[in-house]
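Here's a quick walk through one model, going from the overall fold to helices, cysteines and empty space. Have the viewer open as you read.

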Amino acid sequence: RSPPNSMPRMETAKQRRPLVLGIAGCSGSGKTTLAAELATQLDATLFPLDLYYRDLSQFPLDSRHKRNFDHPDSLESELIIEHVRALAKGETIQRPVYDFKTHSRVAGAFDSIVPMGVVIVEGILALHFAELVPCYDFSIYVNAPHDVCLVRRIHRDVRERGRTEESVREQFQATTRPMADLYVVPSAARASVTVEGTDSLDWSVEQVLQRLHQAKLMPPVGPAAI
């Protein structure tokens, strides 16, 4: 029992847990750009689901690109859930390193990720996996038309992932758009707020920050600790 006239015990840094945000939307919607800007403004740890594609090194190199990378089974969801739960507790994780050009993980390579005061989980299926949703303190869905998403995806994949425009278009029609309609778009119902991916980045960021303020979720910055 506290002694008479003692001051109330204040929460210390060691008792804080990170604020966990989930950001989802179709490929090319602008969710990654929004997540990166929020990570900068909130001094956050960024957790991209794209780094958790299953390792395809057991398949011939020239056939790996034919896999359906937009289906939930393409991601190692078990490890994603384990790692997000650990980060939400303020624990450090060993994140795998993924090579998009070879569709495989770099053997024996890991990045040590220490959660800051905010952790941002970002990916097309960030709101699809039911086990992830309880980990989020707040979630965002970025909405954008399919034609806008396709143009942006071509620009990204040709520049950053060594793809040809033809291959990106073929994949978009064969799997990306159908899987988005089946798994990504319905997950918008789980979001705390929806922003338009065609709006200016500044406006989208402002909307999210306003909602965080209203919900009294604006966090302290700096590393989270147990």
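## Ground rules and overall fold

Buried here means under 20% relative accessible area. Keep in mind that this is a predicted model.

The protein chain has 226 residues, and 46% of them count as buried. Its secondary structure comes to 5 helices and 7 strands. Going along the sequence, you'll meet them in the order β-α-β-α-β-β-β-β-α-α-β-α. Take the contacts in the chain with a separation of 6 or more: 76% of them link residues 24 or more positions apart.

## Helix α2, tucked away

Helix α2 covers residues 77-88, which makes 12 residues. Its first and last C-alpha are 16 Å apart, close to the 16 Å expected at 1.5 Å a residue. How many of its residues are buried? It's 9 of the 12, so α2 is largely enclosed by the rest of the structure.

The buried set is Ser 77, Leu 79, Ile 80, Ile 81, His 83, Val 84, Ala 86, Leu 87 and Ala 88. What do they pack against? Their partners are strands: β1 (19-25), β2 (45-48), β3 (93-99), β4 (104-113) and β5 (118-122). Just past the helix, Gly 90 takes a positive phi of about 90 degrees.

## Helix α3 and its neighbour

Helix α3 runs over residues 146-160, and its 15 residues should span 21 Å at 1.5 Å a residue. The end C-alpha atoms sit 20 Å apart, which agrees. On the buried list for α3 are His 146, Cys 149, Leu 150, Arg 153, Ile 154, Arg 156 and Asp 157. Those buried residues pack against α4. After α3 comes Gly 162, with a positive phi near 65 degrees.

## Two cysteines, no bond

The disulfide count is 0. Why don't Cys 26 and Cys 149 pair up? The sulfur of Cys 26 has its closest cysteine sulfur in Cys 149, but at 5.3 Å that is too far for a bond, given that a disulfide needs sulfur atoms within 2.5 Å.

Both residues are out of the way: Cys 26 is buried, with a relative accessible area of 5%, and Cys 149 is buried too, at 1%.

## The enclosed space

Rolling a probe the size of a water molecule over the atoms shows where empty space is left. In this model, the count comes to 1 cavity of 30 Å³ or more. The largest cavity holds about 40 Å³ of space.

Its lining is made up of Cys 26, Ser 27, Asp 70, Ile 124, Arg 153, Thr 176, Met 179, Ala 180 and Val 184. By class, that's 5 nonpolar, 2 polar and 2 charged residues. Helix α4 (residues 165-184) gives the most, with 4 residues.

Following the chain on from α4, you'll find Ser 187 in the loop that leads to β7 (193-196). Ser 187 is buried, with a relative accessible area of 4%. Leaving out residues up to four places away in sequence, Ser 187 touches Leu 127, His 128 and Tyr 141.

## The open pockets

The largest pocket has a volume of about 580 Å³. Of its 28 lining residues, Gly 30, Lys 31, Thr 32, Thr 33 and Arg 156 lie nearest the centre. Which element gives the most to this lining? It's α3, with 6 residues. At least two residues each come from α1 (31-42), α3, β7 and α5 (201-214). By class, the lining divides into 7 nonpolar, 9 polar and 12 charged residues.

The second largest pocket offers about 310 Å³ of space. It is lined by 22 residues, and closest to its centre are Phe 100, Arg 153, Asp 157, Arg 161 and Arg 163. The lining has 5 nonpolar, 7 polar and 10 charged residues. Here α1 and α3 each supply at least two residues, with α3 giving the most, at 3.

Arg 153 is worth a click: it lines the largest cavity, sits among the residues closest to the centre of the second largest pocket, and is one of the buried residues of α3.

Conventions: Residues numbered from 1 in each chain as written. Predicted model: local features only at pLDDT ≥ 70, side-chain atom pairs only at ≥ 80, totals over all residues. Heavy atoms only, no water. Expected span 1.5 Å × (residues − 1). Buried < 20%, exposed > 50% of the residue type's maximum accessible area, 1.4 Å probe, protein only. Contact = heavy atoms within 4.5 Å. 1 Å grid on protein atoms, 1.4 Å probe; cavity = no way out; pocket = protein on both sides within 12 Å on 5 of 7 lines; lining within 4 Å. Points joined across faces, edges and corners; volume = space filled by probe spheres on them. Nonpolar A, V, L, I, M, F, W, Y, C, P; charged D, E, K, R; others polar.
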